[in-house]
Structures are given as structure tokens and as C-alpha cells.
Amino acid sequence: MIVTVDTERCCSSGQCVLIAPEVFDQNDEDGTVLLLQPEPAEELHDAVEDAADHCPCSAISLS
């Protein structure tokens, strides 16, 4: 799995950080998403998919 984020679309809701804190964080300045692991381990895939599904701005893409 490869994760990409679109910081321009991010509305800083923080859902991704709550769901998958190993993979996502928030920028201290504006709260936008920071991608910590663009290729997360397989055991994190379910959480990353859940985070992408719950992103209100669809700022997380998976391939």
C-alpha cells in the first residue's frame, strides 16, 4: 500500500490521526495532515483504510 495526502484538500479535522497515529500526524502551524509513513506495514493497512474512509475532505489516497 502506498499512501498519499493532499494537504490543500485537508480541512484539519484530525480523524486520520485519531484512527492511525502511527501513519498520520498534524502540522503544528495549521493542523493539516502530515504523512509519517507513505508505505505503512501490512498490520496498519486496515487502520489506514479506515482513516481514508473517514477523512471528510477525501485528502487521503491509497494505491
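Before you click anything, one definition: a residue here is buried when its relative accessible area is under 20%, exposed when that area is over 50%, and partly exposed in between, using a 1.4 Å probe and protein chains only. Ser12, for instance, is partly exposed, with a relative accessible area of 27%.

A word on what you have open: this is a predicted model, where local features need pLDDT of at least 70 and side-chain atom pairs count only at pLDDT 80 or more, while totals for chains, interfaces and linings use all residues. Residues are numbered from 1 along each chain as its sequence is written, and side-chain values use heavy atoms, with hydrogens and water left out.

**Stop 1: the whole chain**

Show the protein chain as a cartoon. You should find 2 helices and 4 strands, in the order β-α-β-β-α-β along the sequence. The radius of gyration is 10 Å, close to the 11 Å that the globule rule gives for 63 residues, so the chain is as compact as a globular protein of that length. Helices here are DSSP runs of H or I with at least four residues, strands are E runs of at least two, and both are numbered from the N terminus. The radius is taken over C-alpha atoms, and the globule rule is 2.2 Å times the number of residues to the power 0.38.

Switch to the C-alpha trace and turn it about: along its principal axes it spans about 30 × 20 × 15 Å. Now put a surface on. The accessible area is about 3,900 Å², and 43% of that belongs to carbon and sulfur atoms. These areas come from the Shrake-Rupley method with a 1.4 Å probe, and for residues only the protein chains shown count as cover. Of the 63 residues, 33% count as buried.

**Stop 2: helix α2**

Select residues 45–54. Which residues of α2 are buried? They are His45, Val48, Ala51 and Ala52. These cover an arc of only 125 degrees around the axis, which puts them on the same side of α2. The arc is that of the directions from the helix axis to the C-beta atoms. As background, an α-helix has 3.6 residues a turn, so residues three or four places apart point the same way.

Spin to the face turned away from the buried side, and you meet the exposed residues Asp46 and Asp53. Then go back and see what covers the buried residues: the cover includes β1 (3–5), α1 (15–19), β2 (24–26) and β4 (60–62). Contact, on this tour, means heavy atoms within 4.5 Å.

**Stop 3: the core**

Hide the cartoon and select Cys16, Val23, Phe24 and Ile60. Those are the residues with the most contacts inside the largest nonpolar core, which has 16 residues. α1 and α2 each supply at least two residues of this core, and α2 gives the most, with 3 residues. A nonpolar core is a set of buried Ala, Val, Leu, Ile, Met, Phe, Trp, Tyr and Cys residues joined through side-chain atoms within 4.5 Å.

**Stop 4: Val23 and Leu34**

Center on Val23, in the loop between α1 and β2. Is Val23 buried or exposed? Its relative accessibility is 0%, so Val23 counts as buried. Leaving out residues up to four places away in sequence, Val23 touches Leu34, Leu35, Leu36, Gln37, Pro40, Leu44 and Val48. For a distance check, pick the C-alpha atoms of Val23 and Ala41: they are 18 residues apart along the chain and separated by 9.6 Å.

Hop across to Leu34, in strand β3 (residues 33–35). Leu34 is partly exposed, at 34% relative accessible area. Beyond its neighbours within four places in sequence, Leu34 is in contact with Val23, Phe24, Asp25, Gln26 and Asn27.

**Stop 5: two serines**

Back to Ser12, in the loop between β1 and α1. Its phi is near 65 degrees, a positive value in a residue other than glycine. Next select Ser58, in the loop between α2 and β4. Ser58 also isn't a glycine, yet has a positive phi of about 55 degrees. Ser58 is partly exposed, with a relative accessible area of 44%. For context, most residues other than glycine have a negative phi.

**Last stop: cysteines**

How many disulfides does the structure hold? The count is 0, where a disulfide is a pair of cysteine sulfur atoms within 2.5 Å. Select Cys11 and Cys57 to finish: Cys11 is partly exposed at 42% relative accessible area, whereas Cys57 counts as buried at 17%.
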